[in-house]
Amino acid sequence: VRITLEVAGRRHEIDLARTDARVDLEVDGQPLQAKVRPLGGTRYEVTIGTRRLDVDVVASDRAIISGRPTPFQVAAFLPVGVDGAASASDGRIRPPMPGAIAKVLVAEGDSVEKGRPILVLEAMKMQNEITAPFSGVISKIPVKVGDAVKLTDVVIEMAPKEDSNGRKA
Amino acid sequence: MFSKVLVANRGEIAVRVIRSLAEMGVRSVAVHSEADAGALHARIADEAVAIGGSTPKESYLNQARILEAAEETGAEAIHPGYGFLSENAAFAEACAKKKIVFIGPTPKAMTLLGEKVAARALAIKTGVPVAQGSPGALKDAKEAAEIARSVGYPVMLKAAAGGGGMGMRIVHKASEMESLFESARDQSEKAFGNGALFLEKYLDHPRHVEVQILADADGQVVHLFERDCSVQRRHQKLVEEAPSPALDAQSRDALTKAAVSLAAAGGYRNAGTMEFLLQDGKFYFNEMNTRLQVEHPVTEMVTGIDLVQAQLRIAAKEPLGFAQKDVTLRGHAIECRINAEDPLRGFLPTPGPVRTWRPPEGPWVRVDSGLREGWSVPTFYDNLVAKVITWAPERRAAIQRMRHALDDMTLEGFVTNRALHQAILEDPGFVEGQVTTRFLETSGVMTALETKAVERRTEAAALAAVLAFSPQGGLGSLAVRSRTPARRMGK
């Protein structure tokens, strides 16, 4: 399952899969493996590599995390989104920051190479280019110049290019 | 004194100006855009007027609408804050036509000192040191190359109307001049509607030191010592302090005298700041800001003088109430600018909802902000959301107090640059006071920040693992099932 977890104000994209006491994770693109040992109640001991952390989930949106070098801290967390929809790789592209659409650089039906700029987003006097996450065809543009968009809005939908055998490239 | 003043700004600076007005018994009028309807400045003012849509052009830059609001509410004066219309001579003139006092310099002094080429020429005439370069605006790339050859490369091309790093180019050798000249001119033309450029010898390891001055209607000019704003990212200040750790009594005396003489030569009145670059024991005039600065609180902390109240007295043609000999420098103050931005993602803006906001407290901790829980930081404006300022008798103690203040601050809902400030405050070079404007590139601060980010990622992983392990712990509603991660396209 893929979730967006906000911990102490910072968002992390997390893929996770659990088998018994082991949880395989990919956090912001970094693969990690965690071993979880229940300590009773809401407390757990988590081992990640050489790090050991105690996690106490004290409320549905608060946890106390402690261990070395992490000092004892109360982390407010918020699972923001669930499922693959949180990822750009499914072709439903969401903005990296909330803002307004400054420029649309492609049209529906356009073929684009990976990395090509497709949108310009403006927020707080800064412009930010959004590029194609993979090579493909622009299937839908649900926004127009001037629209205000949130992090969860889809700004472009695209489909991967298919090769001559109909396989996805 | 005025009985009612309109504040033509938003965010922390509008809040800060309104507080001084309240203290002086002057009624305040806030103006706000659609996006700022629930903003703190609009709530704490005695009156608030909606002036238009969310973009700056529709609201905080809408001169006609702001003047109308002043007339409707009977405000006698307008405080422009910083940014927006604060350095707009046409707006100052439009105020005068409506018999509304613009709290700032005369339009003439604003143009003479605020325009970079004119200010540089005046500095040369007044005997204030400037970096070697062109006497005025450059005709073309050829003239630029000739001057560059005589002063020696590298040189810096700067936009006469510039600001915030726009229209600036470092030229390392003659062969680059033509193309860089053209791109700087084009950018400057686009950004400011003025393509004029000038040239200065490039200083590669300067400190940014600026002098606060106050000049009243009778021509009395006093300085309030200096601020050091060397810690910057992309020409935007991040940490500011007063006094500068790089000056001694003698250099401080020379620098402040230069600032005062330049303000006097320009017939200036209002609060203002002379910016200098300091390198290898020499200082060079850079530019003047004819307005209140973001970092003015550090000066207030070390002098005990409220700069906004002083601006109001000057604009009301009242005497300042003190002379140079009455201005004393006491202790040390530091300011950290808390921005809605992610230093680990190229300083990408991160506007979002203010879920929790508990400003730091304690003796000698000051917080200027426009934050309010339940409000959202709009995407249309500057990303500065709060300023944390600490004071102590000595610099080291002020740094230590700032560390505690930042630890004590709770701001949840969006990413800020707090962790970057915490890394800066731990940097040995910063603690020693050995920084230049290239500090972020040359110090280990960004690396330290990335190391911290790895720790944060591990903590997030631990938390996610626990949530996956115990569905009742919070992820239950998110239906976590045991399965292998979905194969994603493009892998």
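## A first look at chain B

B:Pro154 sits in the loop that links helix 7 (141–151) to strand 6 (155–159) of chain B. The peptide bond leading into this proline, from B:Tyr153, is cis, with omega near -5°. That makes a handy starting point for a tour of this structure, which is a predicted model.

**How far to trust the model**

Let us begin with confidence. Chain B has an average pLDDT of 92, and 95% of its residues score at least 70. One stretch to treat with care is residues 476–491 of chain B, where pLDDT stays under 50. For this stretch the model has 25 contacts beyond four places in sequence. Where pLDDT is low, the predicted coordinates should not be read in detail. For the model, the scores are ipTM 0.72 and pTM 0.87.

**The overall build**

Chain B contains 16 helices and 20 strands. Its radius of gyration is 24 Å, close to the 23 Å that the globule rule gives for 491 residues, so chain B is as compact as a globular protein of that length. Along the principal axes, the C-alpha atoms fill a box of roughly 75 × 60 × 45 Å.

How much of chain B is buried? Buried residues account for 59% of the 491 residues. The accessible surface of chain B comes to about 19,300 Å², and carbon and sulfur atoms contribute 51% of that area. Contacts in chain B also reach across the sequence: of those between residues at least 6 apart, 64% join residues at least 24 apart. As for charge, chain B carries 59 positive and 59 negative charges, and their mean positions lie 4 Å apart.

**Backbone details worth a look**

Most residues other than glycine have a negative phi, and most peptide bonds are trans. Against that background, a few places in chain B are good ones to find in the viewer. Besides the bond into B:Pro154, a cis peptide bond joins B:Ala242 and B:Pro243. B:Pro243 belongs to the loop between strand 11 (236–242) and helix 9 (249–265). The table puts the backbone angles side by side.

| Place | Angle |
|---|---|
| B:Tyr153 to B:Pro154 | omega near -5° |
| B:Ala242 to B:Pro243 | omega about -5° |
| B:Phe84 | phi about 40° |
| B:Phe347 | phi near 60° |

Where do the two phenylalanines lie? B:Phe84 is in the loop between strand 4 (77–79) and helix 4 (89–97), while B:Phe347 is in the loop between strand 15 (341–342) and strand 16 (348–349). Is B:Phe84 buried or partly exposed? Its relative accessibility is 27%, so B:Phe84 counts as partly exposed. B:Phe347, with a relative accessible area of 7%, is buried.

**A buried valine in strand 19**

Our last stop is B:Val388, which is part of strand 19 (residues 384–392) of chain B. Its relative accessibility is 0%, so B:Val388 counts as buried. Which residues does B:Val388 contact beyond its neighbours within four places in sequence? They are B:Ile334, B:Glu335, B:Cys336, B:Ile338, B:Pro360, B:Arg366, B:Met402, B:Ala405, B:Leu406 and B:Met409. From B:Val388 you can also look across to B:Leu348: the two are 40 residues apart in sequence and 21 Å apart in space, C-alpha to C-alpha.

Terms used:
Residues are numbered from 1 along each chain as its sequence is written. Chains are lettered from A and ligands numbered from 1 in the order in which they are written. This is a predicted model: local features need pLDDT of at least 70, side-chain atom pairs count only at pLDDT 80 or more; totals for chains, interfaces and linings use all residues. Side-chain values use heavy atoms; hydrogens and water are left out. pLDDT is the predictor's confidence in each residue, from 0 to 100. Contact means heavy atoms within 4.5 Å. Helices (H or I, at least four residues) and strands (E, at least two) are DSSP runs, numbered from the N terminus. The radius of gyration is taken over C-alpha atoms; the globule rule is 2.2 Å times the number of residues to the power 0.38. Buried means under 20% relative accessible area, exposed over 50%, partly exposed in between (1.4 Å probe, protein chains only). Accessible areas come from the Shrake-Rupley method with a 1.4 Å probe; for residues, only the protein chains shown count as cover. Lys and Arg count as positive and Asp and Glu as negative; His and the chain ends are not counted. The place of a charge is taken as NZ of Lys, CZ of Arg, CG of Asp or CD of Glu.
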